[in-house]
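Me: I would like a close look at a single part of this model, with each term explained as it comes up.

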There are 2 protein chains.
Amino acid sequence: MESANTVDRVSEMKVESMEERKKRVLNAIINDYIANAEPVGSRTITKKYALGVSPATVRNEMSDLEEEGYIEQPHTSAGRIPSGKGYRYYVDHLMEKEPLSPQEIHQIRKVVAGSVKEMESFMLSCCNMLSRLTNYATIASIPEQGHGRVENIQLLSLSEHQVLLILVASTGIIRHKLIELPLPVTPAEVAAMERDLLRNLIGCELRSINYDKLRDLLQDYQAQQKLATKTLELLEQALSGDGEQRIFIGGVMHMLSQPEFRDVDKLKNLFSIFEQDKRAQELIDSVSSDDGMLTITIGSEMPQEDVQDCSMIVANYFVNGEKAGSIGVLGPTRMSYGKTVSLMEQLSAELSKAMSDKKKAKYTE
Amino acid sequence: MESANTVDRVSEMKVESMEERKKRVLNAIINDYIANAEPVGSRTITKKYALGVSPATVRNEMSDLEEEGYIEQPHTSAGRIPSGKGYRYYVDHLMEKEPLSPQEIHQIRKVVAGSVKEMESFMLSCCNMLSRLTNYATIASIPEQGHGRVENIQLLSLSEHQVLLILVASTGIIRHKLIELPLPVTPAEVAAMERDLLRNLIGCELRSINYDKLRDLLQDYQAQQKLATKTLELLEQALSGDGEQRIFIGGVMHMLSQPEFRDVDKLKNLFSIFEQDKRAQELIDSVSSDDGMLTITIGSEMPQEDVQDCSMIVANYFVNGEKAGSIGVLGPTRMSYGKTVSLMEQLSAELSKAMSDKKKAKYTE
DNA sequence: TGTTAGCACTCTCCATCACTGAGTGCTAAC
DNA sequence: GTTAGCACTCAGTGATGGAGAGTGCTAACA
């Protein structure tokens, strides 16, 4: 029984314990394919990557690798290309992170140091920077508006039928929303409401604000016929963010240069995602982890059909140890994983640091 | 002398006075080419468009039209396609506006009626709607921030080093900007500044606000070492908008379906504009008139090389008789001018109306 | 037993060629 | 001025036939 167990364990380990030379062949195939986007043959490998064996030997290894599903042959007389399983093995065991150049680190720091203050423009420049460095498309999401706590609320009376609500959240997001009032309200009344809201909502979790809470809070006004139910609804929507998650997309154009997207029809599929914020949102949400730093999703692992020949590397960034948002690179399956991972790790670290610094600054008030 | 004069005038009129049949041939060619994106032959014309003459006759007309530069032949044995000059003549003299369907009018009204309140999301949905209706890309710009007058200013003290500035402009634009203060300021001081700004700037033309004006206004604080020069600069930037013109782009994906952009390289040129707000801005600015309602710019008339095989139809919309912004459709030169012009006229009228209504509502406060 | 050289085989890619069909321009007749 | 007829041009298509890349298999070798 014991011996059987051992055997089982060994067979389980099989994937891990690929022979050294086979690994090197697989590694060579994938690296070459990533670089040149063309099937890789046995001769190419022996010439470019010093394995010290003949093409025939490499062919034998390749035959094995194909049998085990790590590589594929587009047609009989072509070289091999990595399969999904192959990429996965590569990413998990073979890939070497490419060190960043001082210029790249500088570029990241410059953008991150820039202006964490205003989320919107900040994230947009992060996206553009990341796309520039990777040559792939970038998708970033800032935290659901429900995240974080209320730091400040301001009600500004624009006219007797219009109130501007300004919300400052602990996540650094500042939002304004114009509320049309069905019933006229005087500036004094607005100011009083503001006081009530401030007193009761500061420090409140944004997601805990709901219609009932607001009604209780403002019931005096409602009793005086000053607030319509409609107004409360609008207020609640504005405060809770109403699921309004902001998504940022950059570097879409880079995809046009990828040989896998020479075909306009493939582009159409891909771009259908970039044009619908909702789909981009779903994509990055389902592909990013809730806890870890980096996730890599490869080809067929992608949740949406339109991007099944893409891979995505997503990093989270954190404020106060809590996940604050994600930023991810979307490239062809044949993307440069080593380089991109290095970039993303650097960026995510810098991001988290910058945001925490900012928080610290606030706490020292 | 008099007779010479007459002759001159006649020759000047020549373009206008194209013979009826020739016009009909040109019209047929352009309409067919717009519909099918393929060179049009003489047989096609006699079959599809009842001219009551034989293909040979049409061929003669076509030969003339080619000589005069209205149409071109891609190669000897192909039909004819319109030239830039041909499109121009078509747009100026032949094109018939296509009436809109009730559904289309309804869609426009629905979006325009939606929520003129918040410019940003409003313009974005206008763009998307217009792209959906035309199947072309849309570019819109909202007025330079320098337009309009100050309607309200609010300063919100977030911390002793951060002030949030909220600006409500008469154009309906609401903007917030976080200002980092080099020197600490108490909430009371911020409130006092706000009062001073409000008293002096309400009703002020935004573009008339400059550094000197602000310095005069706030010199007391500065004298007390409460405001750094840097702060004044930031304030001035925030108020003047600092050239921050917002541009909106929608429906880019539709261009992928146009046969003229089957070629990925052509797409690259086109998309290089969509990715750089600045270039999109330049494009719509240089192509829209300052006064008239609608402008049509065709192919080689386009100011940027990357869009020389596109046409653009731009409408202005007005608030209080003043140009408030532009919205334009960018399609292939072979675009459906008749339909698009109708849509744009309708949209621009509805837009101006909606915005004026809103103004009226404000003035009746 | 693992490695390698040699060789036949497969299949894509590319150029060539001929054919077809669409469309023209010209001429002569109406 | 219009039209029928005809010769001519040229893009597009499909078939054909190497050339080249790459494989798998076999047999020899270390």
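How close do the axes of helix α12 of chain A and helix α12 of chain B come, and at what angle do they cross?

Reply: This is a predicted model, in which local features need pLDDT of at least 70 and side-chain atom pairs count only at pLDDT 80 or more, while totals for chains, interfaces and linings use all residues. Residues are numbered from 1 along each chain as its sequence is written, chains are lettered from A in the order in which they are written, and side-chain values use heavy atoms, leaving out hydrogens and water.

The axes of helix α12 (residues 264-275) of chain A and helix α12 (residues 264-275) of chain B come within 11 Å and cross at roughly 40 degrees. Here helices are DSSP runs (H or I, at least four residues), numbered from the N terminus. An axis is a line fitted to C-alpha atoms, for helices over the stretch in contact, and angles run from 0 to 180 degrees between N-to-C directions. The crossing of α12(A) and α12(B) is right-handed, a word used when the near helix is turned clockwise from the far one by less than a right angle.

On the side of α12(A), the contact is made by Val264(A), Leu267(A) and Phe271(A); on the side of α12(B), by Val264(B), Leu267(B) and Phe271(B). Contact means heavy atoms within 4.5 Å. Sorted by class, this contact has 6 nonpolar residues, no polar and no charged ones. Ala, Val, Leu, Ile, Met, Phe, Trp, Tyr, Cys and Pro count as nonpolar, Asp, Glu, Lys and Arg as charged, and the others, Gly among them, as polar.

The helix pair can be set against the arrangement of the two chains. Two copies of a chain are related by a rotation about an axis and a shift along it. Here a turn of 180 degrees and a shift of 0.0 Å along the axis lay chain B on chain A with an RMSD of 0.1 Å. The two copies are thus related as by a two-fold rotation axis. For this, copies are superposed by least squares on the C-alpha atoms of residues with pLDDT of at least 70 in both.

Val264(B), one of the contact residues of α12(B), is the residue of chain B that comes closest to the rotation axis, at 3.4 Å (C-alpha). Of the interface residues of chain B, 97% are also interface residues in chain A, so the copies meet through the same surface.

Methods:
Helix = DSSP H or I, 4+ residues; strand = E, 2+ residues; numbered from the N terminus.
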